Amino acid sequence: MADKTIYLDFEEPIYKLESKIQELKSCCDDKLAKDFNKEIANLERKTKRLLEETYTKLTPWQKVCVARHANRPHSIDYIHALIDNFMPMAGDKLFGDDEAIVGGMGFFKGQSVMIIGHEKGHDLESRIRHGFGMAKPEGYRKAKRLMELANRFGLPIISLVDTAGAFPGIEGEERGQAEAIASCIMEGFTLNVPYIAVVIGEGGSGGAIAIASANRILMLEHSIYSVISPEGCASILWRDGAAVKKAATALHLTAQDLYKFGVIDEIITEPLGGAHRFRDETIERTGEVIWKHLAELKKMTPEELAKDRENKFLTMTRFELK
Amino acid sequence: MNWLLDYVRPKLSVAKTEKDVPDNLWDKCPQCDAMVYGQELAKNLYVCPHCGYHLYLRPRKRLNMLFDNSEYTYLETPQVKEDPLNFRDTKDYRTKLKSAREKTKFDEAFVAAYGKMGGHGVVIGVMNFNFIGGSMGIAVGEGIVQAAQFAVKHHMPLILVTASGGARMQEGILSLMQMARTTLAIKLLKDQRLPYIAVLTNPTTGGVSASFAMLGDVTVAEPDALIAFAGARVIKETIKADLPAGFQKAEYLKKHGMVDMIVNRKELREKLICLLNLLGNTFVKGE
């Protein structure tokens with residue numbers, strides 16, 4: 001876990017204030033400490049105000065940066081905090097185990113569930129091991145296998161979406177990346193158990209929707225979900241890599257945009273300053289919201305759950321015409 | 001009384017506007033560079049008579065080629081919200097749509113029709129690569145959903161002929177959702193045990209390949225068609241090495257077990273009819 005805060009470009013004023021506070025706090029002189037306490041309290045108030053100003057008005061591109069923040073809690077962090085007796089499971093039983101997708105069974109507030117998520121890793125070693133959260137076909141086939149298993153035993157499924165996209169490479173292509181994603185989406189529609197998807201960070205295109213054809217789709221306040229990365233969009237449509245900010249705005253990729261379009265069901269509010277500053281609190285809140293939706297879905301019969309998902313996606317993007 | 005008895009002649013209004021003769025009397029084969037007389041190319045279903053390269057076949061010609069006696073009825077193009085994001089890059093998305101419509105004489109990048117094929121009632125949907133790269137936005141997704149629903153309602157198999165660069169970026173997340181919606185469309189057929197045959201033509205990539213295109217009960221590809229998830233350029237830039245010969249071509253996909261068969265265009269209709277005959281027992285009921 002990264003213990004040192006990483007500041008984003010637009011957080012420079014916050015960085016200045018927080019380092020000043022640190023500086024004052026590290027002063028051990030008792031005589032001076034009294035005076036400093038006042039100053040520290042003052043600075044802390046200022047920081048809070050600044051965080052509020054910044055984080056209530058994040059631009060789409062700033063949200064992209066926050067969604068990708070290295071200190072943001074990842075799937076493994078959610079699993080550790082929310083799931084008891086977690087039994088990790090590996091492999092697609094066809095080719096291998098892709099750790100870009102982690103998953104397994106465990107108890108969520110006493111209810112046995114299957115939890116599946118993209119995992120980006122938190123340092124160089126783990127990032128490499130988890131393939132930077134970009135899953136290969138075997139990753140999606142593992143997800144599909146776990147969904148099938150959950151369905152057979154009546155376990156609700158929680159998926160955590162956090163990927164830049166599916167792995168683009170020769171191995172992926174030759175092992176059928178497209179087929180693996182398509183089949184994983186399809187699997188979601190065949191389930192008779194509650195299926196809840198939460199975009200916790202980056203919802204990158206096909207690699208994300210593979211594990212999000214769910215009954216409920218939730219998004220963290222500063223997470224994003226898009227058909228293409230702003231970088232990709234900028235280079236294709238603007239032919240200019242520097243147009244990322246424009247592309248981020250044009251793509252309408254924020255949780256707020258998606259809620260407005262009726263693509264997602266609920267936005268999970270992040271503590272002021274973002275999930276990366278208040279990891280435990282964010283995870284706890286997320287757990288509460290998942291639990292609420294799970295309780296609602298558990299009232300449905302297996303057939304109703306499948307029908308609910310079908311109706312949700314059949315009517316999605318059918319907007320009223322003027 | 002069934003749909004066969006209410007058979008409506010093809011709506012020629014759509015068909016008439018598309019030119020039968022290419023702009024140039026002579027066409028150059030992109031593969032072997034041979035100059036081919038336009039009419040000869042058309043007669044040969046746009047397959048180069050010299051090297052066998054499969055050039056792009058426009059939707060109307062594709063439908064004419066597949067249906068019995070070239071008789072079919074278009075399904076109504078679904079009305080969807082246009083430009084839901086108010087998207088603007090260097091050009092207005094609305095302007096792009098307008099010029100695509102003028103160029104192709106079609107409303108969108110997908111068109112579906114029903115009719116008979118080898119005597120079987122069938123719904124065939126075709127993607128239009130000339131319409132913004134055949135990209136899939138709400139209209140294409142909705143078209144596929146409705147084609148599938150029509151097939152289910154009338155108990156017919158579905159054939160989808162793909163040609164697409166992937167999702168329509170200008171519709172953002174709403175185009176991504178079409179991956180799920182078109183996958184669901186295929187599930188509606190599967191639930192009724194109705195056959196769905198995917199015919200992959202050049203090119204079939206991105207979000208289209210990673211949804212309905214790869215979910216056929218039988219997957220047919222045209223020779224040499226590019227079928228991919230990630231673009232070759234992206235992969236090349238990522239790995240900074242050369243790609244294997246024939247990478248992401250239909251033959252490569254078949255070798256890796258992702259495509260059932262590669263069929264020359266001239267034999268496509270015959271092979272599809274054969275597949276419908278074989279799978280037909282599941283959908284012809286009590287006759």
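**Close-ups of a predicted two-chain model**

**View 1. A strand pair in chain B.** Strand S4 (residues 110-117) and strand S5 (residues 120-127) of chain B pair up in the antiparallel sense, with eight bridges between them. Everything you see here comes from a predicted model, so keep that in mind as you go through the views. To find one rung of this ladder, look for Gly115(B): its bridge partner in S5(B) is Val122(B). Now follow the chain round the turn. S4(B) and S5(B) form a hairpin with two residues between the strands, and Gly118(B) takes a positive phi near 60 degrees there.

**View 2. The other partner of S4(B).** Strand S3 (residues 72-74) of chain B is joined to S4(B) too, by three bridges, and these two strands run antiparallel. Zoom in on Tyr74(B) and you'll find its bridge partner in S4(B), Ala113(B). So how much of S4(B) is buried? Seven of its eight residues are, which leaves the strand mostly covered.

**View 3. Where chain B meets chain A.** Here 43 residues of chain B are in contact with 42 residues of chain A. On the chain B side, four helices each supply at least two residues: helix H5 (138-153), helix H6 (172-191), helix H7 (206-209) and helix H8 (232-239). Which of them gives the most? That's H6(B), with twelve residues. Sort the chain B side by class and you get 26 nonpolar, twelve polar and five charged residues.

**View 4. Leu191(A) and its surroundings.** Now hop over to chain A, where Leu191(A) is found in the loop between helix H8 (177-190) and strand S5 (195-204). Is Leu191(A) buried or exposed? It counts as buried, because it has 21 C-beta neighbours inside 10 Å and the cut-off for being buried is 20 or more. Leaving out residues up to four places away in sequence, Leu191(A) touches Met147(A), Asn151(A), Ile157(A) and Ala306(A). Take Asn151(A) from that list: it sits 40 residues from Leu191(A) in sequence, but the two are 5.9 Å apart in space, C-alpha to C-alpha.

**View 5. The two domains of chain A.** Step back from the loop and look at how chain A is divided: domain 1 covers 9-57 and domain 2 covers 63-315. How many Å separate their centres? Taken over C-alpha atoms, the centres of domain 1 and domain 2 of chain A are 36 Å apart.

How values were computed. Residues numbered from 1 in each chain as written. Chains lettered and ligands numbered in written order. Predicted model: local features only at pLDDT ≥ 70, side-chain atom pairs only at ≥ 80, totals over all residues. Buried ≥ 20, exposed ≤ 12 C-beta atoms within 10 Å, placed from the backbone. Contact = placed C-beta atoms within 7 Å. Nonpolar A, V, L, I, M, F, W, Y, C, P; charged D, E, K, R; others polar. Domains from an automatic or database assignment. Pairing = 2+ DSSP bridges.
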